[in-house]
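Visitor: Please take a close look at one part of this model with me. I would like to follow it slowly, from one residue to the next, with each term explained.

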Amino acid sequence: MSDLFSLIDKLERTHSLSLSEYEALLTQRGEGPASELRERAVRVRKAVYGNTVFTRGLIEISSWCKNDCLYCGIRHGNQKAQRYRLSPEDILACCREGWTLGFRTFVLQGGEDPWFTDERLCHLLRQIKAEFPACALTLSLGERSRESYQALYDAGADRYLLRHETADQAHYEALHPTAMSWAHRMECLRTLKEIGYQVGCGFMVGSPGQTERALAKDLKFVETFRPAMCGIGPFIPHQDTPFGDQPSGSVELTCYLLSILRLIQPNLLLPATTALGTLDPVGREKGIQAGANVVMPNLSPVDVRKKYMLYDNKICTGEESAQCRSCLATRMAGIGYELVSDRGDPRPIEN
Ligand code: SAH
């Protein structure tokens with residue numbers, strides 16, 4: 001046990017551990033090391049970000065998807081999934097509402113929907129940026145070509161979220177159909193960074209077949225890739241997918257990993273995700289108290305929210321955007337944190 005405490009100390013000092021050391025942190029975890037990690041992570045996050053929590057307005061632009069990721073409720077093969085697509089006007093209306101509510105970052109997320117061509121997206125991004133020049137725009141639209149990523153960047157996108165899902169190739173192959181490739185996903189992440197995006201990677205915790213070795217690889221990947229953001233949340237089964245009968249990931253392990261990630265990279269943007277809030281009524285609070293510093297309330301029109309069902313029982317599908325924001329502001333205030341109206345760029349620090 002004392003070994004683990006010295007590893008935690010080393011991690012905070014050097015921001016780096018070997019793959020086997022990360023694995024030891026995971027296999028030997030317990031309440032003692034968890035609270036040690038939590039305390040250090042909160043101290044580090046407060047040194048960098050104080051008690052502020054950044055917020056992003058999430059707009060789920062399409063539930064159409066050409067991919068067949070085995071875990072995802074909007075996979076192409078799910079014939080029961082309800083499909084919708086927001087029009088550019090709908091998306092602009094969400095941004096207008098979001099701006100009034102104090103959002104300064106909009107995240108456009110969706111399935112890989114070919115309707116959203118570069119031409120349509122670039123036009124939309126320019127419109128949003130013309131109307132709200134002070135906002136940051138994040139895209140989370142999956143894998144596209146270098147030319148596409150470049151065109152979207154040139155049209156005003158600032159950030160791109162593309163979870164790597166798992167840094168272990170064999171595990172990636174167990175989660176995806178053969179038409180998708182781990183090498184390509186990793187290539188996309190490198191391309192996005194080269195273009196100049198603030199890049200977010202990330203992974204599910206407790207996805208089927210995940211080992212502690214695979215999670216250790218995720219940590220090593222984040223350590224070496226140095227993303228601006230890292231989105232992690234527990235896997236939650238969706239009944240109409242091949243993983244419908246698999247168990248959910250754990251809130252406790254997700255929080256443990258959030259603390260480790262905070263020590264790996266003190267200025268990392270770490271969301272307390274909706275999936276955490278879905279598994280535990282105070283999951284997002286627990287995430288913030290483990291070192292996360294971002295929340296992403298839903299800004300999608302209420303009539304489509306239930307159709308963007310990545311997993312069962314997803315929360316915040318009935319509320320209006322204003323309710324989602326004020327609910328989170330109250331939750332954060334309740335644990336001594338403050339939701340701020342800010343683009344929420346990463347604080348540049350050397351570590
Ligand atoms: N099409 C985009 C956006 C995917 S949805 C892309 O490929 O990046 C955003 C994230 O939701 C995914 O990256 C995945 O990590 C997560 N997700 C999907 N299904 C999930 C499930 N069943 N449980 C938990 N998270 C899930």
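Guide: Let us begin in strand β9, where leucine 339 is the bridge partner of valine 53. This is a predicted model, in which local features need pLDDT of at least 70 and side-chain atom pairs count only at pLDDT 80 or more, while totals for chains, interfaces and linings use all residues. Residues are numbered from 1 along each chain as its sequence is written, and side-chain values use heavy atoms, with hydrogens and water left out.

Strand β1 (residues 52-55) pairs with β9 in the parallel sense over two bridges; two strands count as paired if DSSP finds at least two bridges between them. Strands (E, at least two residues) and helices (H or I, at least four) are DSSP runs, numbered from the N terminus. The open sheet has three strands, in the order β8-β1-β9, with parallel pairing. Because β8 (294-295) and β9 (338-339) each have a single partner strand, they stand at the edges, and one side of each is left without a neighbour in the sheet.

From the sheet we can turn to the charged side chains. Side chains of opposite charge can pair when their charged atoms come close. The structure holds 29 salt bridges, each being a side-chain nitrogen of Lys or Arg within 4 Å of a carboxyl oxygen of Asp or Glu. One of them joins aspartate 9 to arginine 40, with the closest N and O atoms 3.0 Å apart. Since aspartate 9 lies in helix α1 (residues 2-14) and arginine 40 in helix α3 (residues 31-49), the pair ties together parts that are 31 residues apart in sequence. Aspartate 9 is partly exposed, at 28% relative accessibility, whereas arginine 40 is buried, with a relative accessible area of 12%; buried means under 20%, exposed over 50%, and partly exposed in between, using a 1.4 Å probe and protein chains only.

Arginine 40 also meets glutamate 12 in a salt bridge, at 2.9 Å from N to O. That pair again links distant parts of the chain, because glutamate 12 belongs to helix α1 and arginine 40 to helix α3, 28 residues apart. Another salt bridge, at 3.1 Å from N to O, brings together the side chains of glutamate 31 and arginine 38; glutamate 31 is exposed at 53% relative accessibility, while arginine 38 is partly exposed at 31%. Finally, salt bridges that share partners join Asp9, Glu12, Arg13, Glu36, Arg40 and Arg43 into one network.
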